[in-house]
Amino acid sequence: MKQNENNGMMQARVPVAHPMIVMASMMIGAFVGMFSETSLNIALPQLMSHLNVAAGTIQWLVTGYMLVIGIVLPFSSLISKWFTTRQIIIFGLLAFIVGAVVSALSTAFPMLLAGRMIQGIATGLILPMMFTVAMQVFPPYKLGAAMGMCALVIMFASAIGPTLTGLILAKLSWNWIFWAFVPFLVIALLFAIFGLKNVGELTKPKVDVLSLLESIIGFSGIVMGVSFASEQGWASPLVLGSLIVGIVVLALYVKRQLTLAEPVLNLKIFAIPAFRTGAVLVMLDFGIILSAMYLLPMYIQRGLLLPVALTGIIMLPGGIINALVSAVAGRLYDKVGAKTPVRLGLIIALIGALMLVFTTHTSIAYLIAAHVILMVGAPLAMSPAQTYALNSLQGAQSGDGSTIMNTMQQIVGAIATALATSLLGIGQAAYQNHHGSGHLSAAFTNGTHYGFYFTIALIVVGLLASLRITTAKDAEK
């Protein structure tokens, strides 16, 4: 019996001669996907000038990208049962290349947005497949290292994205951000064509078309409503109509998932208190990171009037700290549980966010310190909260929980970015109404402060939610 267990530990579910070659295409694709998600923030001020659009319009390059990822992610499991791994990844990489080329050749905002949304489809397909395939082609005794490597790819892309983008923009036009993706994607495509094999079983289950439509309409309606509010105002019929349609359709979607025998998303797991608390904390934490990382590069360039290359350098220490703390935070859960690191992380993040609110024409060192403190706190809370949520699930529930959190992270990220943009506009208008329209940088600074108030509100709500984290000792009382 022991011999059989040892053999099981030594063998992968799908034995392959070179697992890293199998994984190469997805790791490169995931790297470019996450690089694309985090790097474009730094280029937004320049894009606003070149394309002659306002902040409320340009933020669609961020929210639209994340919205598409959030729509595609829930269907990744279903898609993998209808198409082979090679077909999915090759299609995803080709879509990413097409999206990058369309974006690079764009001369107007609609064309650029279309390219970004095509890239979102690719990222939504590749990201979940990377983790799924890793679990299949690596033996159990190597699985921890393999999953850590996948996570490191994502964290590293997020850490260096703003800095590399800043360096590109210092010498070249914004179009080269997208041209830079293409060589890496071509290499990934070659790995997929020649080194990737199918690891899943094609069962071709029934597709619930109504769930598909409800998911797309519900999530899109809410994100569109919040996004349009920054330009149209919250009382606009377009904004109110989008929000009402989104909320109603999403409610119908939730009801349908709770009654289907085989739901697209198993929302019943929200009945488990630990998962519910952990998932809410992960959503809030992602909103904290996304709202701050959207506002900060724009503040540096349009509030402090610093060049784009310097913006990338200012963002680098915080990005590196984010990656390092993310790598360490998971181990803290094993030693002390979720309660302490989550609460401590949110308190540290609150300090960093408060420092950002009190910036006017402050020193670069102060700004870096505030960013670093925020990037210590937010990831310190993230991984333990996620592990706390997933550890409350059993068997197939774990996959459902992971899919739900990955999906909601993108949707919440899009909504948080849109709300931050709306508050940015409100803050600018308030300053100009009081001081006149000539103080553009000061007005933009005031607008970013309004946006950071939203970040602080998310942290406070997170701290309140963290009070519901329990330990084994608490459960015994």
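Reader: Is Val245 buried, partly exposed or exposed?
Author: In this predicted model, Val245 is found in helix H13, which spans residues 237-259. Its relative accessibility is 43%. Buried means under 20% and exposed means over 50%, so Val245 counts as partly exposed.

Reader: Which helix gives the most residues to the nonpolar surface patch?
Author: The patch covers about 640 Å² and includes Val245 together with Trp82, Phe83, Val207, Val209, Leu213, Ile216 and Ile217. Four residues of the patch come from one helix, residues 209-232. That helix, which gives the most, is H12.

Reader: Which residues are closest to the centre of the second largest pocket?
Author: The second largest pocket has a volume of about 310 Å³. Of its 15 lining residues, the closest to the centre are Val72, Phe75, Ile79, Phe83 and Leu125.

Reader: How many residues of the lining of the second largest pocket are nonpolar, and how many are charged?
Author: At least two lining residues are supplied by each of helices H5 (60-72), H6 (76-82), H7 (85-104), H8 (109-137) and H12. One residue of the lining is polar. The remaining counts are 14 nonpolar and no charged.

Reader: What separates the C-alpha atoms of Trp176 and Ser398 in space?
Author: Trp176 lies in helix H10, residues 175-179, and is partly exposed with a relative accessible area of 43%. Along the chain, Trp176 and Ser398 are 222 residues apart. Their C-alpha atoms are separated by 40 Å.

Methods
Residues are numbered from 1 along each chain as its sequence is written. This is a predicted model: local features need pLDDT of at least 70, side-chain atom pairs count only at pLDDT 80 or more; totals for chains, interfaces and linings use all residues. Side-chain values use heavy atoms; hydrogens and water are left out. Patches are made of residues with over 30% relative accessible area and no salt bridge: like charges are joined within 9 Å, nonpolar side chains (Val, Leu, Ile, Met, Phe, Trp, Tyr) within 5 Å. Accessible areas come from the Shrake-Rupley method with a 1.4 Å probe; for residues, only the protein chains shown count as cover. A salt bridge is a side-chain nitrogen of Lys or Arg within 4 Å of a carboxyl oxygen of Asp or Glu. Buried means under 20% relative accessible area, exposed over 50%, partly exposed in between (1.4 Å probe, protein chains only). On a 1 Å grid over the protein atoms alone, a cavity is a set of points where a 1.4 Å probe fits but cannot get out, and a pocket is an open set with protein on both sides within 12 Å along at least five of seven lines; lining residues have an atom within 4 Å of a point. Grid points are joined across faces, edges and corners, and a volume is the space filled by probe spheres set on the points. Ala, Val, Leu, Ile, Met, Phe, Trp, Tyr, Cys and Pro count as nonpolar, Asp, Glu, Lys and Arg as charged, and the others, Gly among them, as polar.
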